[in-house]
Amino acid sequence: MPVPLLQPPQTLNPEGEPRRVGVEVEFHGLDSRAAAELVRGLYGGRIESVDAHCHRVADSRLGAFTVELDTSYAHADEAGPDAAGLADRLKARLASAAGGVIGLWMPTEIGAPPVPHDRLAELQPLLDRLREGGAAGTRASLLYAFGLQLNVEIAAREAGYVTRHLRAYLLLSDWLRSEIRVDPTRRALPYVDPFPRRYALKVVDPDYDPGLGTLIDDYLADNPTRNRELDLLPLFADLDSERLRRQVAGDAVKVKPRPTFHYRLPNSLVDDPDWGGVAEEWNRWVRVEQLAADERLLAETARAYIGHYGGQSLSDWAERIRALLA
C-alpha cells in the first residue's frame, strides 16, 4: 500500500516556487545501460551514452536522469571516448575496463531530476521496477553500502533558517538512525558518519545564533568533508563558494553548488517489497523540518539534549525522541 507523503511546513523555495527534491538511489544487479532502459520505459525520453558506464536519459516527462557506475575510476574525463588524442582514447579504454571490474561490487546509481516535493510518489514505480528487474539493495551483501539520498531544496537562504534545520537534524539524528536501522556496512564506512558530539552540542544550544559566515566557518572547522549523514557542503558552496574554497582542500571542495540539504542517511532497500521507498524516507526528513519550524519545541528539545549528552545520562536519547514525536 502506498505511503502517503507528508507536507513540509514550508512548501515554496526562495523564488516562490514549489520546493523540489532530487533523489539518488544505489543498487547492484543491473548495469547502467539496463537501468537507463528501465528509466526510459517508465518516463520516456532518449538515452545518451556518456561512456561505457554512464548514460543519461534526456527529455523524460520528469526531466533528465543520470545512470552511472558510482565511481570516478570507471569514467573518462570530459574528453570522453571520442577524443582525438591517443592519451584520451587510452584513458577512456582503461576507465571502461576498470568499470567492468569495479562494477562487481560498486553500485550503479540513478540520479533522478529534481521534482516538486508533492510529486515524489512518481518515483516509487522506479524502485518497484528495479526490484522486479533483480536489483539488490544494501542488505544483500556485506560488501554493499548502498544508500538512497535526498537533495531537499531549501525554503530560505538566511543563516537562521539553515541553523534551525541543522539543529533539528542533530536533535533527531539518533532517532533517524534507530528508525532506519542503518546497515552495518554503511555504519562502518565513513560515508554517513555522524557529526562530532562537541559540534552537535555547540549547534543545538538555543543561544547559538551565528551569521552565515560564522555558521559555515564553524561547520568546516569540525566537518571539512562530504562524509556526513547530512552533507551541507553543496549548500554552503551555493551560499558562499569563496569561503568554502578558501577553507577546504582536496576532494571535499569538488562539489557542485546546490541550494539543498543533502540527506545521505537512508539505506537503499530496493529488493525489499516492504520498504516504503521514497515516501517513507521523505516523511522522516519532514519530521526534521517540522521540529525546525516549532520554535518552542526546538528549544525545549535542545535543552534536553544538552542535559543528556552534556551530563551522565544513561537513558536512550532515541527513545526519548520517539516518545516526543509520538
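Contact here means heavy atoms within 4.5 Å. The model described is predicted.

The protein chain has 326 residues, and 50% of them count as buried. Twelve helices and nine strands are found in the chain. The exposed surface comes to about 15000 Å². Carbon and sulfur atoms supply 51% of that area. Contacts often span long stretches of sequence. Among those between residues at least 6 apart, 73% join residues at least 24 apart.

In soluble globular proteins, nonpolar side chains tend to be buried together. The largest nonpolar core of this chain holds 81 residues. Within this core, F65, I110, L123, L130, L166 and F261 touch the most other members. Helix 4 gives the most to the core, with eleven residues.

F261 illustrates the contacts of one such member. Neighbours within four places in sequence are left aside here. F261 is then in contact with L150, N151, V152 and I154. Its contacts also include Y161, V162 and H165. L230, L232, L235 and W285 complete the list.

Helix 4 also packs against another helix. Helix 4 covers residues 159-180, and helix 7 covers residues 212-222. Their axes come within 9 Å and cross at roughly 35°. The crossing is left-handed. From helix 4, the residues A159, V162, T163 and L166 take part. They meet L212, L215 and Y219 of helix 7. By type, the residues of this contact are six nonpolar, one polar and no charged. Two of the names recur from the account of the core. L166 is among the core residues that touch the most other members, and V162 is in contact with F261.

Two further sites bring together residues that are separated in sequence. S32 belongs to helix 1, which spans residues 32-43. S32 counts as buried because its relative accessibility is 5%, and the cut-off for buried is under 20%. Residues up to four places away are again not counted in its contacts. S32 touches A52, H53, C54 and H55. S32 also touches V67, E68, L69 and T108. D70 is 38 residues from S32 in sequence, yet the two lie 9.7 Å apart in space, C-alpha to C-alpha.

The second site is M106. This residue lies in the loop between helix 2 (86-102) and strand 5 (108-111). M106 has a relative accessible area of 22%, so it is partly exposed. Along the chain, M106 and F146 are 40 residues apart. Their C-alpha atoms are separated by 8.8 Å.

Technical notes
Residues numbered from 1 in each chain as written. Predicted model: local features only at pLDDT ≥ 70, side-chain atom pairs only at ≥ 80, totals over all residues. Heavy atoms only, no water. Axes fitted to C-alpha atoms, helices over the stretch in contact; angles between N-to-C directions. Helix = DSSP H or I, 4+ residues; strand = E, 2+ residues; numbered from the N terminus. Left-handed = near helix turned anticlockwise from the far one by under 90°. Nonpolar A, V, L, I, M, F, W, Y, C, P; charged D, E, K, R; others polar. Buried < 20%, exposed > 50% of the residue type's maximum accessible area, 1.4 Å probe, protein only. Areas by Shrake-Rupley, 256 points an atom, 1.4 Å probe, with all protein chains shown as cover. Core = buried A, V, L, I, M, F, W, Y, C linked by side-chain atoms within 4.5 Å.
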